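Student: I'd like a close look at one part of this protein, and then to see how the rest is built around it. Could you walk me through it slowly?

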Amino acid sequence: MKLQPYVHFEGRCDEAIEFYKTAIGAKVTMLMRFNQCSEPMSNMNPAMGEKVMHANLMIGDSELLVSDGHCRGEANFAGFELTLNVATEAEAEKLFGALAEGGKVMMPLAKTFFSPKFGMLTDRFGIAWMVIVQ
């Protein structure tokens, strides 16, 4: 069994993919746009054709599934956080800083009783992240 988060960016998926490629080294392993669907969807707005229907991102050893969803406007990411477990303090600082660009730091990266570096932030898309040195 495998658990995979699936995140809908409601029209900003291409922008999010590019951000995560730069910020945390995400690699696109699959991407399909709505206009590439083999069976046309009768309720699809033609303006959604170039939007991301489904994409797989590899982030380290983990896979994140992403989409533009229904392109209904503002995405609402509540009730969860994505966590990056890293091996070194330098890596934590680099990734935390990159994810925080254009976002909001909730808890600065610092030493805690359970980790040499731990921090929490919300990125520019509204995704909450925790970065922790194992």
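Student: Let's zoom in on Cys71. Which residue holds the cysteine sulfur closest to the sulfur of Cys71, and how far away is it?

Tutor: Keep in mind that this is a predicted model. The closest cysteine sulfur to that of Cys71 belongs to Cys13, and at 9.2 Å it is too far for a bond. A disulfide would call for sulfur atoms within 2.5 Å, so the 9.2 Å between Cys13 and Cys71 rules that pair out. Searching the whole structure gives the matching result: zero disulfides.

The two cysteines also sit in unlike surroundings. Cys71 is partly exposed, with a relative accessible area of 27%, whereas Cys13 is buried at 0% relative accessibility. Cys71 lies in the loop between E4 and E5. Its backbone is worth a look too: phi is positive, about 50°, although Cys71 is not a glycine.

That backbone feature turns up elsewhere. Glu10, in the loop between E1 and H1, has a positive phi of about 45° and is not a glycine either. Glu10 counts as buried because its relative accessible area is 17%, under the 20% limit. A glycine with a positive phi is there as well: Gly60, at about 65°, in the turn of the hairpin that E3 and E4 form with two residues between them.

Now step back from the loop and follow the chain on each side of Cys71. Overall there are two helices and eight strands, and from the N terminus they come in the order β-α-β-β-β-β-α-β-β-β. On the E4 side of the loop, strand E4 (62-67) has partners in two directions of pairing. E3 and E4 run antiparallel and are joined by five bridges, with Met58 paired to Glu63 in E4. Strand E1 (residues 6-8) runs parallel to E4, with three bridges between them, and Tyr6 has Leu65 in E4 as its bridge partner.

On the other side of the loop comes E5, which belongs to an open sheet of four strands in the order E5-E8-E7-E6, with mixed pairing. Strand E5 (82-86) and strand E6 (104-110) stand at the edges; each has a single partner strand, so one side of each has no neighbour in the sheet. On average, neighbouring strands here are turned by 15° against each other, ignoring direction. E5's partner is strand E8 (residues 128-133): the two run parallel and share five bridges. If you want a spot to look at, Leu84 stands opposite Val131 in E8.

Helix H2 (residues 89-100) lies across E5, E6, E7 and E8, at about 170° to E6. Lys117 helps tie this region together for the eye. It sits in the loop between E6 and E7 and is a buried lysine, with a relative accessible area of 16%. Setting aside residues up to four places away in sequence, Lys117 touches several residues, including Glu89, Ala92, Glu93, Leu109 and Val131.

Finally, the inside. The largest nonpolar core has 34 residues, and those with the most contacts inside it are Phe9, Tyr20, Ile24, Val66, Leu99 and Trp129. Both strands that flank the Cys71 loop take part: E4 and E5 are among the elements that each supply at least two residues of this core, along with H1, E3, H2 and E8. H1 gives the most, with seven residues. Take Tyr20 as your way in: beyond neighbours within four places in sequence, its contacts include Phe9, Leu99, Phe125, Ile127 and Trp129.

For the chain as a whole, 40% of the 134 residues are buried. Of the contacts between residues at least 6 apart in sequence, 54% join residues at least 24 apart. The exposed surface comes to about 8000 Å², with carbon and sulfur atoms supplying 54% of it. The C-alpha trace spans about 55 × 30 × 25 Å along its principal axes.

Conventions:
Residues are numbered from 1 along each chain as its sequence is written. This is a predicted model: local features need pLDDT of at least 70, side-chain atom pairs count only at pLDDT 80 or more; totals for chains, interfaces and linings use all residues. Side-chain values use heavy atoms; hydrogens and water are left out. Two strands pair if DSSP finds at least two bridges between them. Axes are lines fitted to C-alpha atoms, for helices over the stretch in contact, and angles run from 0 to 180 degrees between N-to-C directions. Contact means heavy atoms within 4.5 Å. Buried means under 20% relative accessible area, exposed over 50%, partly exposed in between (1.4 Å probe, protein chains only). A nonpolar core is a set of buried Ala, Val, Leu, Ile, Met, Phe, Trp, Tyr and Cys residues joined through side-chain atoms within 4.5 Å. Accessible areas come from the Shrake-Rupley method with a 1.4 Å probe; for residues, only the protein chains shown count as cover.
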